[in-house]
Structure formats: C-alpha cells, structure tokens
There are 2 protein chains.
Amino acid sequence: MSSLPSIGVLVSGSGSNLQAIIDAVEAGCIPCKIGVVISNKADAYGLVRARSHGIPTEFVDHRSFDSREAFDAHLVKILRSYDIRLVCLAGFMRLLTPTFLGAFPMRVLNIHPALLPSFPGTHGPRDALNYGVRFSGCTVHFIDEGIDTGPIVAQAVVPVYEDDTEESLAARILKEEHRVYPMAIRLFLEEKLTISEKKVFTGNAGRISGFSCRNPDT
Amino acid sequence: MSSLPSIGVLVSGSGSNLQAIIDAVEAGCIPCKIGVVISNKADAYGLVRARSHGIPTEFVDHRSFDSREAFDAHLVKILRSYDIRLVCLAGFMRLLTPTFLGAFPMRVLNIHPALLPSFPGTHGPRDALNYGVRFSGCTVHFIDEGIDTGPIVAQAVVPVYEDDTEESLAARILKEEHRVYPMAIRLFLEEKLTISEKKVFTGNAGRISGFSCRNPDT
C-alpha cells in the first residue's frame, strides 16, 4: 500500500528523458511511482525502457482514431485508470487537444530543447544554431493550448559554439534536460508550484538549487 | 599621430554603457579612441560623461529635421568628419534608416537587454519578467533594418528571480552589458568578426573568454 502519487509518461520515440525520470524515481529523488508509459508508436524504444523497469506500458495508435479528440479521450481514459496525477511528455510527437488538457488542467508537463520563448516548434537546436545565438538551453513548461507557450517551470542554459552541429548542440542541451526535468517533476509533486498570471512560482524565489539527483551516466 | 581607429557612440540618456566603453578604452582594453559622442537629447548625461573625459560631443536635435532620413544624413556627415570606423549605440532611442545603415554597413553595434530573439523592443527586462523565464541576459548585435533582429556578436546570461522587480532584473542585466559590450567592440576592431548567412563568427569557435577588462566599480 503505497501512498506515492503516480505519474504517466507519454513518448513517441527513444525516451531518453523517460530514462532520466526512471533513474530519478528509482534513486528516490522524485516522490512518485511511474504508473504507466504510453506510446503512439509501437516500436518506440521508450516502451522497452519502461518494460525493463517493470513499468506498465500501453501502445495507442493515433491512426486508429477518427479524430484527435477521440485519440485524446482514449489516452485520458487510460491515464485515469492508473490514477495519474501528473502527465509528463517525453518526446511525444502529437499535439494535445482541449479534450486532454481539460482532463489534466495544468497537470501536463513538457520539456522543450530551447530557451522559450525563443525557438518554439520541432527544431529547437537547429533553429538556435541557424540564428546564431551564443546560448541556448531547455525549458520545462506546462502545456497549454499554444505551441510551447505554457507557463515555464524551469530552464537551463548551455553555450552554443560556432563549430557546433545540430547534433552536438542537441546533445549538450539533452544533458541539461535530463537534469531539470526530474527536478521540475519533483517540485510539482511536492506541491511547490503555484501559477499566477501565466507565471510559475516555486516559493523559493526561483533560486532552485541543491537538486543533486543527476545520474552521471545519463 | 595615433593610428588607432575611432569609434562613435550615440546616446539619448544616461549612457552607462558609454561609461563602460570609456573605461575599457582608457584601461587599454579596446584598441581605439572614442572620436565623438552624439546625443539627440541636449540634457543626456552621456554628453557630460564624454566631456569629462575630453571626448568631443555633438548634440543633434532630431526634431529640427524634416524627416528621419535628413536627421540620419546629418549624423552620417558628423561621423564621417571624425573618420569613424564603428558606430556604437548606447541607449540611443531613435530607429536608424537605410540612409544611416547604408553609410555604415555592418558597422553599427547595439546592445539589447534580453537574450534575443526573445523580448525585442523597448522593454526587455519587463517583458522577460512578465513572461516568467528563469534566465534572461543581454545581446550585442549588429543593427540591420529590423527591430533587434541583426546578427548576434555576443550574449551574456543572468538568472531571473521570482522576487525580481523590473529594476532589479534590469540592474543585473546592465552589469553584464558593461562587460560584454566592450568585449564585442574589441572583437570588431581586431577584425575578428566575419558574418555569413546572418551569423557572426569570431574565429574562436565562439569560445570567447579571457576578456578581463571589467571595471569592478561599473
């Protein structure tokens, strides 16, 4: 009889952020269990990661639904059956509709590989590189009905080098994603986050520190 | 008979970035002399700063010209009379027209109090605070015909705290402005900067470091 809350993780691919979350949970750094991992791709490696850690998985093919809303309603049904308190997107490549967001208001987190509001969309590292910025990073944010416009929970910064490729920059950013996403999930589950006028407050003046749950191998 | 190139600085107000440039030049950290400081406001404190360091000043009232182009043409005439190689905007509150930019192509620098392309316009710190980002900063960029869209030379990052006011955040950013603007000017004058497809390359893979010309009092 665990009293820990459950989170659900949605993936479409490799799920390296899922792995960072699994590692943080197993290390005792996030007070939760991962109730279910759902993928819209049958061959997503994220499903393999989950199974190898004994986490229930579900494959839901979005192509078998007549509408985005019907797909989303089915996801909600599954998540509710696992009593999910927080939904974490980890490389989930489908836009969520109000059907989903209304079921989990301000309870869906995403991580984006750029310092939002710069470089929203699907090519954060490439867009940053092409623009010529000297710093980029990643952003954990609540999902709202815009594209990468929701309230920001946490960010991390990395330098951009002139000899970076899209791959080298993305890898540098990903390392920070694996650090801040578990931290943001913990803040949510510890009920530290409040939202006012689209801004997220942590009760710590934003001076988040001391989260040392990083797995040096990830 | 000095062979040092001359730069011109355009101000409209306090000119704290002008002071940082003066300090860096006087400390021998930027290989140039400041040929002239021009203000479109008669009472700009930047003019006082310049005079107290023996730098020639000019006041040009934009209201006394029939058009932006006429005003800009007059500025160009003055700058050419001082044989100015690089123009640095330091809180200059007038938009420059192609008349000006054509006379100094990719030879006009500006500093903006945000991590562009986030938060362009006249309220960088306020906009960052209202958005709820965790990091902001400043950007030195060449002026092009857009608003804060020109090629980026240098950036610096500062944290944004939840208890920040617009003033406290602006002050934290300003400190970094005073550090990176002189550094960017030096890179330009040392002919380290090349521009390709809107991106600025420094020949150092962007790993700019070792510029320790900061005046601890500024």
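## A right-handed helix crossing

Helix α1(B) crosses helix α6(B) in a right-handed manner (near helix turned clockwise from the far one by less than a right angle). The model is predicted, with pLDDT of at least 70 needed for local features and 80 or more for side-chain atom pairs, while totals for chains, interfaces and linings use all residues. Residues are numbered from 1 along each chain as written, chains are lettered from A in the order written, and side-chain values rest on heavy atoms, without hydrogens and water.

The helices, DSSP runs of H or I with at least four residues, span residues 16–26 and 166–189 of chain B, and their axes lie 9 Å apart at about 50°. That angle makes α1(B) oblique to α6(B), a class outside under 35 (parallel), over 145 (antiparallel) and 65 to 115 degrees (perpendicular). Axes are lines fitted to C-alpha atoms over the stretch in contact, with angles from 0 to 180 degrees between N-to-C directions.

## Who meets whom

On the α1(B) side, Ser16(B), Asn17(B), Ala20(B), Ile21(B) and Ala24(B) make contact with α6(B) residues including Leu174(B), His178(B) and Tyr181(B) (heavy atoms within 4.5 Å).

## Two chains, one axis

A turn of 180° and a shift of 0.0 Å along the axis lay chain A on chain B with an RMSD of 0.0 Å, superposed by least squares on C-alpha atoms with pLDDT of at least 70 in both. The copies are therefore related as by a two-fold rotation axis. In chain A, Ser118(A) has the C-alpha nearest that axis, at 2.6 Å.

Methods
Helix = DSSP H or I, 4+ residues; strand = E, 2+ residues; numbered from the N terminus.
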